[in-house]
Amino acid sequence: MDDKLSRAIAKRHDDLVTLTQELIRFPTINPPGEAYAPCAEYLAKRLQSVGFETQLIRGEGTPGDTDRYPRTNVVARFDGRTHGKTVHFNSHIDVVDTGDGWTVDPFEGIVRDGKIYGRGACDMKGGLAASMIAAEAFIEVYPDFPGAIEISGTVDEESGGFGGVAYLASKGFFSKPRVDHVIIPEPLNKDRICLGHRGVWWAEIETKGEIAHGSMPFLGDCAIRHMGAVLDAFEEELYPALDRKVTSMPVVPEGARRSTMNINSIHGGQTDDYSELPSPNVSDSCRLTIDRRFLLEEDIAEVKREVISILDRLRWERPKFHYNIRDIMEVQPLMTERHAPVVTAVAEGIRSVFGKEPEYVISPGTYDQKHIARIGLLHDCIAYGPGILDLAHRPDEYVGIEDMIESANVMALGLKVLLLGSI
Ligand SMILES: [Zn+2]
């Protein structure tokens with residue numbers, strides 16, 4: 001342990017609580033992207049007051065960006081006395097909608113029994129606050145440090161990150177030489193290091209039919225029955241095959257240590273949205289959205305081929321079977337090397353604070369690391385932060401104050417290893 005650092009963090013205890021509460025009080029719900037600008041401005045002011053240079057950067061023209069809902073990000077930088085590496089802490093400021101079931105006001109930031117409650121407390125305003133306190137304490141204790149520390153508060157992570165990290169990455173904010181190491185304080189539990197995530201392929205499959213009167217279906221061709229054949233083939237062949245693909249990636253929870261595919265939606269027939277009236281016809285179209293999560297051991301071309309080969313076979317087996325398939329999104333799986341500098345630095349911090357080895361995990365779903373790797377071409381990146389992953393997006397979400405203090409210590413020690421060379 002570094003007594004000076006831990007004392008500098010301990011004396012900021014109340015400040016950490018207030019900072020987290022104030023962040024929770026901005027209802028940065030996404031969608032639509034509420035209160036982004038005031039939250040980013042608040043962060044800019046706070047970071048300026050401790051010596052950071054700040055920029056507010058709007059993701060102009062990105063999905064959802066309007067004058068009513070500007071995609072406002074903040075990037076702050078503190079340059080050390082001499083040249084060196086740059087460590088960047090990136091947190092998203094957006095939160096998901098509250099949903100039902102809360103017993104406290106989700107935007108009050110109430111403190112009870114050592115926990116701060118609110119939407120975003122855990123995912124991830126608590127992590128953002130902890131990283132700011134870690135950086136401020138480090139700067140106070142080691143004012144002559146070489147290199148630079150950056151902190152960003154970015155938008156839209158919950159909806160893909162296009163107006164946030166993806167936009168900033170396209171402007172060079174997440175590339176060398178500007179940045180060397182990135183820590184994303186997502187709530188992965190204070191003694192775990194998240195190295196990356198599984199891959200994603202979203203696609204829409206449409207089967208075609210021919211419209212006809214519902215009393216004489218033999219005169220038409222039912223697109224929904226064709227889709228039924230697709231679903232049958234998925235059940236009989238694809239799902240068992242996916243279940244057999246097990247990964248060496250340490251994905252948590254364990255159920256996600258294999259290939260998975262969700263059917264996100266299915267829509268067939270004429271719409272009955274207009275009124276309470278049912279649709280009267282043989283359907284000429286049926287659309288299905290799939291969410292396929294794949295492993296480092298799999299190739300995306302093969303992932304697609306598995307689905308397409310089933311569709312192609314059905315074309316031979318079923319008269320008049322026609323389909324279209326459209327890619328919606330694809331993300332490659334990611335796993336940062338265990339001996340990468342940011343991993344070993346944070347691991348040292350965890351050993352020092354908790355007296356045990358960190359657990360290395362992989363997220364079942366993606367987060368903003370994907371843009372840092374794909375657009376910024378920066379691979380020394382992990383997610384590490386306080387908060388219990390299972391509480392994210394739930395009612396009565398909270399973050400433990402002691403957990404934030406401990407993980408701020410880990411982050412400050414990580415900074416020390418990365419910028420000064422050792423603990
Ligand atoms: Zn998050």
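Here are some worked exercises on a predicted model.

**Exercise 1. Work out which stretches of the chain belong to each domain, and which residues bring the two domains together.**

Solution.
- Step 1: Start with the domain assignment. Domain 1 covers 3-197 + 333-420, and domain 2 covers 199-331.
- Step 2: Look at the spacing. Between the C-alpha centres of domain 1 and domain 2 there are 37 Å.
- Step 3: Count who takes part. Domain 1 puts eight residues into the contact, and domain 2 puts in 12 residues.
- Step 4: Find the biggest giver on the domain 1 side. That's strand S16 (residues 359-363), which gives the most to the side touching domain 2, with three residues.
- Step 5: Sort that side of domain 1 by class. You get six nonpolar residues, one polar and one charged.

**Exercise 2. Put the strands of the four-stranded open sheet in order and check how each neighbour pairs.**

Solution.
- Step 1: Read the order across the sheet, which is S11-S13-S9-S14, with antiparallel pairing.
- Step 2: Pick out the edges. S11 and S14 each have a single partner strand, so one side of each has no neighbour in the sheet.
- Step 3: Add the twist, which averages 15 degrees from one strand to the next.
- Step 4: Begin the pairings with S11 and S13, an antiparallel pair held over eight bridges. One of the places to look is Gly 268, whose bridge partner in S13 is Cys 286.
- Step 5: Now bring in the helix. H6 packs on this sheet and touches S9, S11 and S13, and its direction makes about 15 degrees with that of S13.
- Step 6: Move on to strand S9 (residues 199-208) and strand S13 (residues 285-294), which run antiparallel and are joined by 10 bridges. Here Lys 208 stands opposite Ser 285 of S13.
- Step 7: Finish with S9 and S14, an antiparallel pair with nine bridges. If you find Trp 202, its bridge partner in S14 is Met 329.

**Exercise 3. Describe the three-stranded open sheet and the helix that lies across two of its strands.**

Solution.
- Step 1: The order is S4-S5-S18, and the pairing is antiparallel.
- Step 2: Strand S4 (111-112) and strand S18 (398-400) are the edge strands, each pairing on one side only.
- Step 3: Two bridges link S4 with strand S5 (residues 115-117). In that pairing, Arg 112 has Lys 115 of S5 as its bridge partner.
- Step 4: H10 is the helix we want: it lies across S5 and S18, at about 60 degrees to S18.

**Exercise 4. How do H8 and H10 pack: parallel, antiparallel, perpendicular or oblique?**

Solution.
- Step 1: Take the geometry of helix H8 (residues 341-354) and helix H10 (residues 401-420). Their axes are 8 Å apart and the packing angle is about 130 degrees.
- Step 2: Name the arrangement. That angle makes H8 oblique to H10.
- Step 3: Check the hand, which is right-handed for this crossing.
- Step 4: See who makes the contact. Among them are Pro 341, Val 342 and Ala 345 of H8, along with Met 411, Leu 413 and Val 417 of H10.
- Step 5: Sort the contact residues of H8 and H10 by class: 11 are nonpolar, four polar and two charged.

**Exercise 5. Go through the packing of H1 and H4 in the same way.**

Solution.
- Step 1: The axes of helix H1 (residues 3-10) and helix H4 (residues 121-141) come within 9 Å and cross at roughly 130 degrees.
- Step 2: That makes H1 oblique to H4, and their crossing is right-handed.
- Step 3: On the H1 side you'll find Lys 4, Leu 5, Ala 8 and Ile 9, which meet residues of H4 including Ile 133, Ala 134 and Phe 138.
- Step 4: By class, the contact of H1 with H4 has eight nonpolar residues, no polar ones and two charged.

**Exercise 6. Find where the cis peptide bonds before Pro 31 and Pro 253 sit, then place Lys 320.**

Solution.
- Step 1: Asn 30 and Pro 31 are joined by a cis peptide bond, with omega about -10 degrees. Pro 31 sits in the loop between helix H2 (13-24) and helix H3 (36-49).
- Step 2: Val 252 and Pro 253 also share a cis peptide bond, with omega about -5 degrees. Look for Pro 253 in the loop between helix H6 (223-243) and strand S11 (260-268).
- Step 3: Lys 320 isn't a glycine, yet its phi is positive, near 65 degrees. The loop between helix H7 (300-317) and strand S14 (322-331) is where Lys 320 lies.

Definitions and conventions: Residues are numbered from 1 along each chain as its sequence is written. This is a predicted model: local features need pLDDT of at least 70, side-chain atom pairs count only at pLDDT 80 or more; totals for chains, interfaces and linings use all residues. Domain bounds come from an automatic or database domain assignment. Two residues are in contact if their C-beta atoms, placed from the backbone, lie within 7 Å. Ala, Val, Leu, Ile, Met, Phe, Trp, Tyr, Cys and Pro count as nonpolar, Asp, Glu, Lys and Arg as charged, and the others, Gly among them, as polar. Axes are lines fitted to C-alpha atoms, for helices over the stretch in contact, and angles run from 0 to 180 degrees between N-to-C directions. Angles under 35 degrees count as roughly parallel, over 145 as roughly antiparallel, 65 to 115 as roughly perpendicular and the rest as oblique. A crossing is left-handed if the near helix is turned anticlockwise from the far one by less than a right angle, and right-handed if clockwise. Two strands pair if DSSP finds at least two bridges between them.
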